[in-house]
Amino acid sequence: MSDHVLIVGGGLAGLAAAVALCENGVRCTVLESRPRLGGRASSFPDGHSEQWVDNCQHVAMGCCTSFHKFCKTTEIESCFERQRELYFINPDNGRVHRFAVSALPAPLHLAGSFAGLSYLTWRDKLSLAFGLKALAAKSSALDPRPFSEWLRSHRQTPRAIERFWTVVLVSALSESLDRISVVAARKVFVDGFLRHRDGWAVDIPTESLDELFGRRVPEWIEAHGGTVRRQAGVERIEVSHDTVTGVQLKSGERITADHVILAVPWHRVAAMLPKPWDSADVITKLSHLDSAPISSVHFWVDRPLMNLPHAVFVSGLVQWVFNRSLTRTEGDGPYYYQVVISASRQVLEQSSESIRDQVLAELATVWPVVNDARLQHWRLVTEHRAVFSVTPGSDDLRPPQQSPIPRLQFAGDWTQTGWPATMEGAVRSGFLAAENVLAHLGRPAKLVAVDLPTSGLSHWLFGL
Ligand SMILES: Cc1cc2nc3c(=O)[nH]c(=O)nc-3n(C[C@H](O)[C@H](O)[C@H](O)COP(=O)(O)OP(=O)(O)OC[C@H]3O[C@@H](n4cnc5c(N)ncnc54)[C@H](O)[C@@H]3O)c2cc1C
């Protein structure tokens, strides 16, 4: 019999590990506790609209190279639409700024659009240019301070902080600036904006997350020799003579395996390990990893509100609004929009109705038609532990994929990937765990995709 790998958890990390192992001819089984796959990137049936509604709009960026490789392999790449322009709303007058690349190489490709942002003064822009240059320096990755302190010490103007740094980082990392490490902030700007012309491009799914990660990817895995079991919650990892032997399901069923990849959220790990492994140093550290919530307001109205695919709000409660009805045809029912609020702790302190009203009032300042539209249905969804917090020092709490137990790998956005909690981080972790398994089997392979190359000018200017 060939080696058998059990993958516990059918989020993106577990799915990516399964895809990589199937591609390399290794027998594997994904065990997911819920009836649906995709984990934190999934959808649920909305009874009222009769639609599959994403737990929250997910987007990828051009710099997410392993995620793109995963989508290409599983043939879902065509289910994403690349945004060639981003639309920023001027907080002073509600006008739309189009943000797009020029013909210049990185890091100057966005300079023209940046210069055109009339809600920042030239003084703000100058301070930002100096700030970005300082952040790109390799030495800034070692700075132990919260990013808010770093910004103050680099003389960033209050308006630049509020209307630029906060806007980009809160939506990318889902944390407030006083809880973001300098290294995490640097990662966003270097990979997303400074290294390569395509890094910043935003890819938006055209299908529900359930269609992608709940149906198409599992079908691909099964067509390539893997097995996917839903509603197969794992109670504990079984270890004998200091090596993993399999798992016990909540139903009592036992499954043996040569290797196990544990791809559940970080706060579930300790309870699934036997003593004394549950109190190993790396596991104890995990309990100090903090988390941040993300909320989304979904609403359906009787008329179109905007003709843009999305818009980025620069101040207020709304951060991004996504138009899920742009390609709507006659008879498709009401118009569906989704507003995303990252690091949404303030949402938790208010009633859902109050959040809905604030969101609609902010949208109406840009699109007055919102005041006339009839709200047919709405819902507020909050994922309380949406992402782990990239607080200073959080990288030291993240374990490598090889666990302290031989033949047990960890996978999940929370493991050491060099990335914050993203689909890219999750996929990378799955690939890295699969690389370790393949190395054990004597068939080493490089699975993580290479980063986008650094432009010559960025290399010369910043030493990237
Ligand atoms: C609201 C929200 C918005 C986001 N927006 C973006 C975005 O725009 N772009 C982006 O890149 N990222 C985004 N993210 C982050 C991204 O979704 C996550 O980083 C990624 O999906 C994590 O994948 P994972 O596999 O590591 O973990 P998870 O998705 O948490 O998967 C873990 C899986 O393990 C299963 N499980 C748990 N316990 C057991 C058990 N005992 N037995 C079997 N299975 C078990 C769970 O049910 C789950 O399916 C967002 C996240 C949220 C919540």
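The following legends describe close-up views of a predicted model, going from the ligand and its surroundings to aromatic pairs and three loop residues.

**View 1. The shell of residues around the ligand.** Of the 35 residues that surround the ligand, the ones that come nearest are Glu32, Arg40, His58, Val59 and Asp413. Sorted by class, this shell holds 17 nonpolar residues, eleven polar residues and seven charged residues. Four elements, namely helix H1 (12-23), helix H9 (266-272), strand S19 (375-388) and helix H14 (423-440), each contribute at least two residues to the shell. Because domain 1 (4-42 + 207-288 + 394-440) and domain 3 (291-388) both give residues to the shell, the ligand lies between these two domains.

**View 2. Backbone contacts to the ligand.** A backbone N or O atom of Arg40 is found 2.7 Å from an oxygen atom of the ligand, while a polar backbone atom of Leu12 lies 3.1 Å from an oxygen atom of the ligand. For Val59, the ligand partner is a nitrogen atom, and a backbone N or O atom of this residue is placed 2.8 Å from it. Taken on its own, the ligand has 1,000 Å² of accessible area, of which the protein covers 94%.

**View 3. His58 in its loop.** His58, one of the residues that come nearest to the ligand, belongs to the loop between strand S4 (51-54) and strand S5 (60-61). With a relative accessible area of 17%, His58 falls under the 20% limit and is therefore buried. The side chain of His58 reaches the backbone oxygen of Cys56 at 2.9 Å, and a polar atom of the same side chain lies 3.5 Å from the backbone oxygen of Arg40.

**View 4. The aromatic pair of Phe67 and Phe80.** Across the whole structure, a search finds 19 aromatic pairs. One of them is formed by Phe67 and Phe80, whose rings are 5.7 Å apart from centre to centre with 90 degrees between the planes, an edge-to-face arrangement. This pair links distant parts of the chain, since Phe67 sits in helix H2 (residues 65-73) and Phe80 in strand S6 (residues 80-83), 13 residues apart. Both Phe67 and Phe80 are buried.

**View 5. Trp150, Trp165 and their aromatic cluster.** The ring centres of Trp150 and Trp165 are 6.5 Å apart and the ring planes stand at 75 degrees, which is over 60 degrees, so this pair counts as edge-to-face. Trp150 lies in helix H5 (residues 147-153) and Trp165 in helix H6 (residues 158-173), so that the pair links distant parts of the chain that are 15 residues apart. Trp150 is buried at a relative accessible area of 1%, and Trp165 is likewise buried, at 0%. Together with Phe114, Phe147, Phe164, Phe189 and Phe193, these two tryptophans form one aromatic cluster.

**View 6. Two further loop residues, Ser325 and Arg230.** Ser325 is located in the loop between strand S17 (320-323) and strand S18 (335-342), and its relative accessibility of 9% places it among the buried residues. A polar atom of the Ser325 side chain lies 2.6 Å from the backbone nitrogen of Tyr336. Arg230 is located in the loop between strand S10 (227-229) and strand S11 (234-240) and, at 34% relative accessibility, counts as partly exposed. Between Arg230 and Ser208 there is a separation of 22 residues in sequence and of 19 Å in space, taken from C-alpha to C-alpha.

Definitions and conventions
Residues are numbered from 1 along each chain as its sequence is written. This is a predicted model: local features need pLDDT of at least 70, side-chain atom pairs count only at pLDDT 80 or more; totals for chains, interfaces and linings use all residues. Side-chain values use heavy atoms; hydrogens and water are left out. A residue is near a molecule or strand if one of its heavy atoms lies within 4 Å of it. A polar contact is a pair of N or O atoms within 3.5 Å; within protein, one must be able to donate a hydrogen and the other to accept it, and residues adjacent in sequence count only if both atoms are side-chain atoms. Accessible areas come from the Shrake-Rupley method with a 1.4 Å probe; for residues, only the protein chains shown count as cover. Ala, Val, Leu, Ile, Met, Phe, Trp, Tyr, Cys and Pro count as nonpolar, Asp, Glu, Lys and Arg as charged, and the others, Gly among them, as polar. Domain bounds come from an automatic or database domain assignment. Rings of Phe, Tyr and Trp (its six-membered ring) pair if their centres lie within 6.5 Å; planes under 30 degrees apart count as stacked, over 60 as edge-to-face and the rest as tilted. Buried means under 20% relative accessible area, exposed over 50%, partly exposed in between (1.4 Å probe, protein chains only).
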